[in-house]
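This report walks through a sheet, its ring pairs and its charged pairs, taking each in turn. Please keep the sequence and the structure at hand while reading.

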Amino acid sequence: MPDHHERLRSLLRPGITTTGEGKGFLDLLGEIPQAGPPTGLAQRLMRTSAVPMIYERYWRPTLGRVAKGLNGPSMADEVRIAIEALGLRPGQVALDVACGTGRFTRAFGEAVGPDGLSIGLDGSVTMLEKALAPNPASVTYLRADAVDLPLDDSTVDAVCCFAALHMFADPDAALDSFARVLKPGGSLVMLTSARHGDQPMKLADTVLGRLSGQRMFDRGEIAAKLSRRGFDHVHERYSGVTQIVTGELGVNIRK
């Protein structure tokens, strides 16, 4: 087992056991097909065997363009924005929640270098199997619940969660987990949904979200949630029906 897998084990909560040494990633879900029931059509499709094969090249960019609009950031821009927002440095630990096929995880691995650790976490076996393409030496993958993170308190320097929070059954619990595992002063970046502000468009966004099983957050809602959890310098950037949210966990939050 590579050393970075052993380092990942050292960051888990005490008493947690892992399996899947032969799979190439640590597995906390075992025989459970997925982490929790799907929240709607979008998540059901994500859990098929076909979508992971086209996710990074076709599925995510196409749906992202529809949601973000013509002037929204591209996938390559998203990766760049995430790295800049997190301020990743060599030797740090980054956590990519709902990592899918690992595009962000790989980029974070390059940013933190061989002395750092980039953890890609997802509940889907098929997504993680696709993510096991050539990766930087600092990258490791973990199959676990993205809402109730298995990492110990204050263990990571940065958390990323792109295109997933709006599909979680309990996004507030996920935000609690993100704050818990971050070190004080650590950074968070997320891409999630954001309804338009005017009433007709807001209603249409809500209907679309219900049909697809995705939660549509109000503009300003996520920033308020993060502020209540002790995050500072919270910023939201809107594109279409999406938002990129950044923040830093207050350094005095656990004193």
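In this predicted model, strand β7, which covers residues 231-239, pairs with strand β8, residues 242-249, in the antiparallel sense, and seven bridges join the two. One of the residue pairings across these strands places His235 of the hairpin with Thr246, its bridge partner in β8. The hairpin of β7 and β8 has two residues between the strands, and Gly240 takes a positive phi there, near 60 degrees.

These two strands belong to an open sheet of eight strands with mixed pairing, whose order is β1-β4-β3-β2-β5-β6-β8-β7. The edges are formed by β1, residues 26-27, and by β7, each of which pairs on one side only. Elsewhere in the sheet, strand β3 (residues 117-122) runs parallel to strand β4 (residues 139-143), and this pairing extends over five bridges. Within it, Leu121 stands opposite Leu142 of β4. As a general point, side chains in a regular strand alternate between the two faces of the sheet.

Helix α5, made of residues 103-112, lies across four of the strands, namely β2 (93-97), β3, β4 and β5 (156-162), and it runs at about 165 degrees to β3. The same helix carries two phenylalanines, Phe104 and Phe108, which are four residues apart, or about one turn of the helix.

**Aromatic rings**

The structure holds two aromatic pairs. In one of them, Phe104 and Phe108 meet edge-to-face, with 6.2 Å centre to centre and 65 degrees between the planes. Both residues are buried: Phe104 has a relative accessible area of 7%, and Phe108 has a relative accessible area of 0%. In the pair of Phe104 and Phe162, the ring centres are 4.9 Å apart and the planes stand at 50 degrees, so this pair is tilted. Because Phe104 lies in helix α5 and Phe162 in strand β5, the pair ties together parts that are 58 residues apart in sequence. Phe162 is buried, as is Phe104. Taken together, the ring pairs link Phe104, Phe108 and Phe162 into a cluster.

A ring also takes part in another kind of contact, in which the charged end of Arg219 sits over the ring of Tyr238, at 4.4 Å from its centre.

**Salt bridges**

In general, side chains of opposite charge can pair when their charged atoms come close. The structure holds 13 salt bridges, and the table gives some of them.

| Salt bridge | N to O distance |
|---|---|
| Glu6 and Arg9 | 3.0 Å |
| Lys225 and Asp172 | 2.9 Å |
| Asp172 and Arg229 | 3.4 Å |

The pair of Glu6 and Arg9 stays within one helix, α1 (residues 3-11), where the two residues are three residues apart, about one turn of the helix. Glu6 is partly exposed, with a relative accessible area of 40%, and Arg9 is partly exposed as well, with a relative accessible area of 24%.

Which parts of the chain does the salt bridge between Lys225 and Asp172 link? This pair links distant parts, since Lys225 belongs to helix α9 (residues 221-228) and Asp172 to helix α7 (residues 171-181), 53 residues apart. Lys225 counts as buried at 10% relative accessibility, whereas Asp172, at 29% relative accessibility, counts as partly exposed.

Asp172 also meets the side chain of Arg229 in a salt bridge. Here Asp172 lies in helix α7 and Arg229 in the loop between α9 and β7, so the pair ties together parts that are 57 residues apart in sequence. Arg229 is buried, with a relative accessible area of 16%. These contacts belong to a network of salt bridges in which Asp172, Asp176, Glu221, Lys225 and Arg229 are linked.

Conventions
Residues numbered from 1 in each chain as written. Predicted model: local features only at pLDDT ≥ 70, side-chain atom pairs only at ≥ 80, totals over all residues. Heavy atoms only, no water. Pairing = 2+ DSSP bridges. Contact = heavy atoms within 4.5 Å. Axes fitted to C-alpha atoms, helices over the stretch in contact; angles between N-to-C directions. Phe/Tyr/Trp six-rings, centres within 6.5 Å; stacked < 30°, edge-to-face > 60°. Buried < 20%, exposed > 50% of the residue type's maximum accessible area, 1.4 Å probe, protein only. Lys NZ or Arg CZ within 6 Å of the ring centre and 35° of its normal. Salt bridge = Lys/Arg side-chain N within 4 Å of Asp/Glu carboxyl O.
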